[in-house]
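Please read the following explanation alongside the sequence and the coordinates, taking each residue in turn as it comes up.

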Amino acid sequence: MADASHGHTPAAWTGVIIAFIGFIVGGAFMVMGSVAGFWAGMALLALAAVVGGVMHLAGMGKPRRAELQLPHVAAGAPQAAGSEA
């Protein structure tokens, strides 16, 4: 059942951990009044998205579902209203 869950992949965990560190750094420097430190934390958030995406593309994320295969419509068969061939 764990496979049906969402987010239990190395790509997801890595992205979330980097994002969490980014939030901590950004929040701490915001309280300390350091603009440069705050933006460093925000840069870590952007890095989290990039790293998670690259890891997903490298095969360490959850695979996408196979596209739905629709049955072929026979020639001359009536079609539902609004659908086009």
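In this predicted model, the count of aromatic pairs comes to 1. The pair is formed by phenylalanine 38 and tryptophan 39, whose ring centres are 5.1 Å apart and whose planes meet at 75°, so the arrangement is edge-to-face; the centres have to lie within 6.5 Å for rings to pair, and an angle over 60 degrees counts as edge-to-face. As for solvent exposure, phenylalanine 38 has a relative accessible area of 23% and is therefore partly exposed, whereas tryptophan 39, at 55% relative accessibility, counts as exposed, the limits being under 20% for buried and over 50% for exposed.

Helix α2 covers residues 35–60, and its length can be checked with simple arithmetic: at 1.5 Å a residue its 26 residues should span 38 Å, and because the C-alpha atoms at its ends are 35 Å apart, the two values agree. The expected span is obtained by multiplying 1.5 Å by one less than the number of residues. Within α2, the residues Gly37, Gly41, Ala48, Gly52 and Met55 are buried, and α1 is included in what covers the buried residues of this helix.

The contact between the two helices can be followed from alanine 19, which has its place in helix α1 and counts as buried at 18% relative accessibility. Once its neighbours within four places in sequence are left aside, alanine 19 is in contact with Leu45 and Ala48. Alanine 19 and alanine 48 are 29 residues apart in sequence, yet their C-alpha atoms are 5.3 Å apart in space.

Helix α1 also holds isoleucine 17, which at 47% relative accessibility counts as partly exposed. Isoleucine 17 belongs to a nonpolar surface patch of about 540 Å², which is made by Trp13, Ile17, Phe20, Ile21 and Ile24. A residue needs over 30% relative accessible area to enter such a patch, so the 47% of isoleucine 17 is compatible with its being listed there.

Which residues, then, does threonine 9 contact when its neighbours within four places in sequence are left aside? Threonine 9 lies in the segment before α1, the helix of residues 10–32, and with a relative accessible area of 14% it is buried. Its contacts, with those neighbours left aside, are Met60, Gly61 and Lys62, and Met60 falls within the range 35–60 given for helix α2.

Key:
Residues are numbered from 1 along each chain as its sequence is written. This is a predicted model: local features need pLDDT of at least 70, side-chain atom pairs count only at pLDDT 80 or more; totals for chains, interfaces and linings use all residues. Side-chain values use heavy atoms; hydrogens and water are left out. Rings of Phe, Tyr and Trp (its six-membered ring) pair if their centres lie within 6.5 Å; planes under 30 degrees apart count as stacked, over 60 as edge-to-face and the rest as tilted. Buried means under 20% relative accessible area, exposed over 50%, partly exposed in between (1.4 Å probe, protein chains only). Helices (H or I, at least four residues) and strands (E, at least two) are DSSP runs, numbered from the N terminus. Contact means heavy atoms within 4.5 Å. Patches are made of residues with over 30% relative accessible area and no salt bridge: like charges are joined within 9 Å, nonpolar side chains (Val, Leu, Ile, Met, Phe, Trp, Tyr) within 5 Å. Accessible areas come from the Shrake-Rupley method with a 1.4 Å probe; for residues, only the protein chains shown count as cover. A salt bridge is a side-chain nitrogen of Lys or Arg within 4 Å of a carboxyl oxygen of Asp or Glu.
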